[in-house]
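Visitor: Hey, could you walk me through this protein model? I'm new to this, so plain words please.

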Amino acid sequence: MKDEKINIEKITTPEDYINQQPLERQTALRELRQAILNNLPQGFKEVIQYGMIGYVVPHEIFPDGYHVNPKEPLPFMALANQKGYIALYHSGIYADKLLMEWFVKSYEALNIGKLDMGKSCIRLKKVNQIPLELIGELCKKMSVEDYISIYIKNKPSGKRARN
C-alpha cells in the first residue's frame with residue numbers, strides 16, 4: 001500500500017474523511033462510525049476536529065469549550081485512520097478508572113487478541129476483529145453531563161495544560 005498524503009483542508013464531513021482513506025480501511029471505518037452514532041448519548045455532536053472524525057460537547061451545551069483552545073468544542077471521542085491501525089480515542093476512558101477497568105475486562109473476555117491501548121487511544125489493528133458491540137456499549141456508558149463533570153474535575157488549573 002502506498003501512503004498517500006491526506007489533504008485535511010478538503011475534509012469537511014465524516015464521509016469525506018472516510019473516502020480519503022485506503023479502500024481496505026473504509027468499510028471498517030464506516031462500521032465503527034455507525035456503531036458510535038447508534039450508541040452515543042444525546043448531546044454529543046459529530047464533527048471534523050483536528051483532521052479526524054470527532055465527537056464533541058458543542059458550545060451550546062458547554063460554552064467554555066476545550067481549555068487548550070476555548071474556540072474548539074470539548075473533545076470527547078475521535079476516530080482516525082493511522083498508518084498501522086484504526087484509532088479510537090476516548091477521553092472519558094482516560095479520566096474514569098472504573099470505565100477503563102470495565103473496558104479492559106470486557107475486551108479481554110472477547111478473546112480476540114491482546115488489547116493495544118494507550119491512555120485514551122484504542123488501537124484496532126485487525127479491521128476484521130473490531131468489537132463493534134463493545135464499542136457501542138462503551139459509547140453508552142458516559143452521558144454528556146457525566147463527561148462535563150469529569151472534565152471540570154480533572155481540568156488542569158491555569159490557562160493551558162502542561163505537556
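Guide: Here is a short tour of the core, the helix contacts and some single residues. This is a predicted model, where local features need pLDDT of at least 70, side-chain atom pairs count only at pLDDT 80 or more, and totals for chains, interfaces and linings use all residues. Residues are numbered from 1 along each chain as its sequence is written, and side-chain values use heavy atoms, with hydrogens and water left out.

Visitor: Cool. How many residues are in the largest nonpolar core?

Guide: That core has 41 residues. A nonpolar core here is a set of buried Ala, Val, Leu, Ile, Met, Phe, Trp, Tyr and Cys residues joined through side-chain atoms within 4.5 Å. Buried means under 20% relative accessible area, exposed means over 50%, and partly exposed is in between (1.4 Å probe, protein chains only).

Visitor: Which residues have the most contacts inside it?

Guide: I36 and F103 do. As for strands and helices, strand β3, residues 74-81, gives the most to this core, with six residues. Helices (H or I, at least four residues) and strands (E, at least two) are DSSP runs, numbered from the N terminus.

Visitor: What is F103 in contact with, leaving aside neighbours within four places in sequence?

Guide: I93, L115, M117, I122, L134, I135 and L138. Contact means heavy atoms within 4.5 Å.

Visitor: OK, helices now. At what angle do α4 and α5 cross?

Guide: Roughly 165 degrees, and the axes of α4 (residues 97-109) and α5 (residues 132-140) come within 11 Å. That makes α4 roughly antiparallel to α5. The cut-offs are under 35 degrees for roughly parallel, over 145 for roughly antiparallel, 65 to 115 for roughly perpendicular, and oblique for the rest. Axes are lines fitted to C-alpha atoms, for helices over the stretch in contact, and angles run from 0 to 180 degrees between N-to-C directions.

Visitor: And which residues in α4 and α5 meet?

Guide: From α4, L99, W102, F103, S106 and Y107 meet L134, I135, E137 and L138 of α5. By class, this contact has seven nonpolar residues, one polar and one charged. In this count, Ala, Val, Leu, Ile, Met, Phe, Trp, Tyr, Cys and Pro are nonpolar, Asp, Glu, Lys and Arg are charged, and the others, Gly among them, are polar.

Visitor: How do α2 and α5 cross?

Guide: Their axes come within 8 Å and cross at roughly 35 degrees. On the α2 side, E31, L32, A35, I36 and N39 meet L132, I135, G136, C139 and K140 of α5. Those residues divide into six nonpolar, two polar and two charged.

Visitor: Which α5 residues are buried?

Guide: L134, I135, G136, L138 and C139. The buried residues of α5 pack against α2, β3, β4 (86-90), α3 (91-95), α4 and β5 (121-124).

Visitor: Switching topic: is R33 buried or exposed?

Guide: R33 counts as buried, at 17% relative accessibility. It lies in helix α2, residues 23-39. Not counting neighbours within four places in sequence, R33 is in contact with P14, E15, I18, E46, I53, Y55 and L79.

Visitor: E46 is on that list. Where is E46 found?

Guide: In strand β1. E46 is partly exposed, with a relative accessible area of 24%. Beyond four places in sequence, its contacts are P14, R33, L37, I53, G54 and Y55.

Visitor: What about P58: which loop is it in?

Guide: The loop between β2 (52-57) and β3. P58 counts as buried at 7% relative accessibility. The C-alpha atoms of P58 and L74 are 16 residues apart along the chain and separated by 6.7 Å. Setting aside residues up to four places away in sequence, P58 touches G43, K45 and P73.

Visitor: Last one. What's the phi of Y50?

Guide: Y50 has a positive phi of about 55 degrees, although it is not a glycine. Most residues other than glycine have a negative phi. Y50 is in the loop between β1 (45-49) and β2, and Y50 is partly exposed at 49% relative accessible area. N111 also has a positive phi of about 55 degrees and is not a glycine.

Visitor: Where does N111 sit?

Guide: In the loop between α4 and β5. At 68% relative accessibility, N111 counts as exposed.
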